[in-house]
Each structure stands twice: as structure tokens, then as C-alpha cells.
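Student: Could you take me through one helix packing contact in close detail, residue by residue? Once that's clear, carry on to whatever else helps place it.

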Amino acid sequence: MTEKEEEKTEELCYYRLNLMSLLKSSYPEYLDDEDFISSRAQEAARVFEDAVRNGSNYLDASAEANRTLYRGLGFSKFDTVFTVLTEEFTKELKEEEFRPFALKMMPVCEDVFAKYELREDFEDSPEYDALYTEITGRIVTYIENNGIDL
């Protein structure tokens with residue numbers, strides 16, 4: 001492998017690992033989407049390489065590649081459910097139970113999310129409070145009917 005090919009492979013691994021890290025923490029619903037992960041990492045690496053080739057400095061090229069890598073990943077359903085649990089259910093759940101229970105609640109809350117247009121800046125919109133309230137209510141109902149079974 002040439003030095004140039006090694007650099008490309010390192011860039012691709014770098015973007016892939018960064019994307020995987022974000023997906024693991026905030027977008028677990030994408031973790032099994034290998035096509036999404038691979039294509040987005042490849043696209044970010046290409047954007048970085050093109051930017052450098054066209055005269056951008058490292059920081060500008062990196063920022064452009066990151067915009068490509070994280071495009072469309074501004075609002076996280078998982079983070080919303082996790083936030084509701086950590087703010088509203090501290091008596092019902094232990095700290096180590098928040099993430100597993102949030103993962104369990106994702107399909108339970110999906111139809112609530114479907115009612116809203118979830119754009120990147122949704123968390124800053126007035127509709128977010130209504131969503132937050134509906135998610136809280138859905139989780140309360142779930143716990144009342146099913147308990148907390150991890």
C-alpha cells in the first residue's frame with residue numbers, strides 16, 4: 001500500500017470511528033446501518049481530501065468534512081428519551097438503568113415522534129415542549145402497565 005493509500009485508509013477509519021462514537025451515544029437506531037456508516041465516512045474523507053487539494057487548511061477541511069459526516073444528525077430521538085428519563089424518572093430508575101431503559105422505550109415512543117417534523121433545530125422550537133410532555137406521558141403509561149423490566 002502506498003503512503004497516499006495509507007493516509008486515505010487512516011482518514012476513512014478516523015471518520016468512521018467518529019461517526020460510530022456519535023451513533024453509539026445519541027443515534028443507536030443507526031448503529032446497524034452499515035451502508036449509512038460506510039457511505040457517510042467515505043463521503044467525509046473525500047470532502048476532506050478535496051478541500052485540502054483545493055487549498056483549504058487542515059482546520060477548514062476538517063470542519064467541512066465534519067459537516068458532511070454529521071449532516072442530518074442534529075436532533076436525537078434517543079437523547080430526548082434519555083433526557084426525559086434522567087429528568088423525570090430519577091425515583092423509578094437507577095443511574096445505570098437510564099440508557100438500557102431509554103433503548104427499550106425507543107420503539108414505544110416512535111409513534112409520538114412521528115407526529116412531529118423533527119428538524120435539526122427542533123429542540124429549540126416551541127413544539128419540543130409538547131413532544132417532551134407526550135414522551136413523558138407515554139413512559140408513565142408504559143411503566144404503569146408493564147413496570148420496569150430490564
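Tutor: Let's start where α4 meets α6: T80, V81, T83, V84, L85, E87 and E88 on the α4 side touch Y128, L131, Y132, I135, T136 and I139 on the α6 side. Contact here means heavy atoms within 4.5 Å. Sorted by class, the residues of this contact come out as eight nonpolar, three polar and two charged. Nonpolar covers Ala, Val, Leu, Ile, Met, Phe, Trp, Tyr, Cys and Pro; charged covers Asp, Glu, Lys and Arg; the others, Gly among them, are polar.

Before going on, a bit of housekeeping: this is a predicted model, with local features needing pLDDT of at least 70, side-chain atom pairs counted only at pLDDT 80 or more, and totals for chains, interfaces and linings using all residues. Numbering starts from 1 along each chain as its sequence is written, and side-chain values use heavy atoms, with hydrogens and water left out. Helices are DSSP runs (H or I, at least four residues; strands are E, at least two), numbered from the N terminus.

Back to the geometry. Helix α4 (residues 77–88) and helix α6 (residues 127–146) pack at about 70 degrees, and their axes are 10 Å apart. Those axes are lines fitted to C-alpha atoms, for helices over the stretch in contact, with angles from 0 to 180 degrees between N-to-C directions. The pair is therefore roughly perpendicular, going by a scale where under 35 degrees is roughly parallel, over 145 roughly antiparallel, 65 to 115 roughly perpendicular and the rest oblique. The crossing of α4 past α6 is right-handed; that means the near helix is turned clockwise from the far one by less than a right angle, and anticlockwise would make it left-handed.

Two α4 residues deserve a closer look. T80 sits in α4 and counts as buried because its relative accessibility is 3%. The cut-offs are under 20% relative accessible area for buried, over 50% for exposed, and partly exposed in between (1.4 Å probe, protein chains only). Ignoring residues up to four places away in sequence, T80 touches F75, F113, Y128 and L131. L85, which also lies in α4, is buried too, since its relative accessibility is 0%. With neighbours within four places set aside, L85 contacts T90, L93, F98, F101, A102 and I139. Its C-alpha is 47 Å from that of N54, although the two are 31 residues apart along the chain.

Several of those partners bring in another helix. The axes of α4 and helix α5 (residues 98–113) come within 9 Å and cross at roughly 115 degrees, again as a right-handed crossing. On the α4 side the contact uses K77, F78, T80, V81, F82, L85 and T86; on the α5 side it uses F98, R99, F101, A102, L103, M105, M106, C109, E110 and F113. Its classes are 12 nonpolar, two polar and three charged. So T80 and L85 appear in the α4 lists for α6 and for α5.

Now for a pairing earlier in the chain. Helix α2 and helix α3 (residues 58–69) pack at about 155 degrees with axes 8 Å apart, which makes them roughly antiparallel. From α2, the contact takes R40, A41, E43, A44, V47, F48, A51 and V52; from α3, it takes Y58, A61, S62, E64, A65, T68 and L69. That gives 10 nonpolar, two polar and three charged residues.

As for α2 itself (residues 34–53), its 20 residues at 1.5 Å each should span 28 Å, and its end C-alpha atoms are 28 Å apart, so the two agree. The expected span is 1.5 Å times one less than the number of residues. Its buried residues are F36, I37, R40, A41, A44, A45, V47, F48, E49 and A51. Just after α2, G55 has a positive phi of about 105 degrees.

R40 is a nice α2 residue to click on: it is buried because its relative accessibility is 10%. Beyond residues up to four places away, R40 touches L19, T68, L69, Y70 and R71. L69 and Y70 also turn up as contacts of N18, leaving aside neighbours within four places. N18 belongs to helix α1 (residues 3–26) and is partly exposed because its relative accessibility is 25%. N18 and A41 are 23 residues apart in sequence, with their C-alpha atoms 8.8 Å apart.
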